[in-house]
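User: Hi! Could you walk me through the charged pairs in this protein, one question at a time?

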Amino acid sequence: SPAHNVVLIDGQGQRNYTAKAEKPLEGNHHFSPGYDLVRGEYTGGFGEISEGITPTRAVLYPRGRFWLIVDRIQTDTPRTLSVLWHYHPECTVALEGPTVSSSDVGKGNIRIIPIAAFSWDVEIVKGQTEPEIQGWYSPVYNEKTPAPVACFSATIPGTAVFAWLLLPARDLPPPAVGDIELVDESNAAVTLRRDGVAIERFIIPLDGALENVSSIA
């Protein structure tokens with residue numbers, strides 16, 4: 001898990017409980033001319049934590065614009081979250097307030113913008129060996145090179161819903177902010193803002209039919 005763009009719970013990664021998918025998952029994706037949406041739920045446990053945690057992740061892709069990712073961590077006790085975003089080793093990555101962005105002139109870059117009702121601690125890790133291995137890229141077995149990883153961490157008192165805006169651009173991606181709220185137990189509303197003005201609002205279903213996604217400009 002630490003080598004992927006996932007959520008770690010109390011420092012623990014997902015258990016490797018399924019070696020092979022026998023068939024595609026059903027009912028977890030919706031593709032249309034304007035956007036793609038996929039959603040998944042994981043119930044296999046994290047390290048020594050065998051039960052009491054269910055993460056759900058929905059990924060919305062308004063085609064050619066950005067990726068909006070909504071996470072729900074269902075838990076009955078306080079948990080420490082670590083959310084990882086890995087960059088290529090050739091990317092120049094820096095913190096810009098609460099966001100992280102690559103900034104290579106004349107190249108494709110991406111800004112990672114957290115959207116939550118709480119604050120994240122964030123650091124960029126590269127080529128780390130202690131206290132655990134992190135911040136490496138391995139193109140083939142037994143070869144590695146340092147690579148930047150944006151590590152966001154926070155402690156939640158119980159079930160929490162939060163989001164990420166992945167904003168790509170040629171040269172430096174523009175700044176943006178967002179808000180998230182629960183419409184009800186099964187739907188999250190994410191409002192994107194620019195210069196303090198709401199420009200778009202998405203309703204993301206965390207349960208039920210994916211066809212119910214809506215965008216309100």
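**Salt bridges, step by step**

Analyst: Let's begin with one residue: Glu 200 is buried, at 12% relative accessibility (buried is under 20% relative accessible area, exposed is over 50%, and partly exposed is in between, using a 1.4 Å probe and protein chains only). This is a predicted model, where local features need pLDDT of at least 70, side-chain atom pairs count only at pLDDT 80 or more, and totals for chains, interfaces and linings use all residues. Residues are numbered from 1 along each chain as its sequence is written, and side-chain values use heavy atoms, with hydrogens and water left out.

User: Which residue forms a salt bridge with Glu 200?

Analyst: A salt bridge here is a side-chain nitrogen of Lys or Arg within 4 Å of a carboxyl oxygen of Asp or Glu. For Glu 200, the closest N and O atoms are 2.7 Å apart, and the partner is Arg 65.

User: How many residues apart are Glu 200 and Arg 65?

Analyst: Glu 200 sits in strand β17 (residues 197-205), and Arg 65 in the loop between β4 and β5. Strands (E, at least two residues) are DSSP runs, numbered from the N terminus. The pair links distant parts of the chain, 135 residues apart.

User: Is Arg 63 or Asp 36 buried?

Analyst: These two form a salt bridge, with the closest N and O atoms 2.6 Å apart. Arg 63 has a relative accessible area of 41%, so Arg 63 is partly exposed. At 17%, the buried residue is Asp 36.

User: How many salt bridges are found in the whole structure?

Analyst: Another pair is Asp 71 with Arg 57, at 2.7 Å from N to O. A search of the whole structure gives a count of 8.

Key: Helix = DSSP H or I, 4+ residues; strand = E, 2+ residues; numbered from the N terminus.
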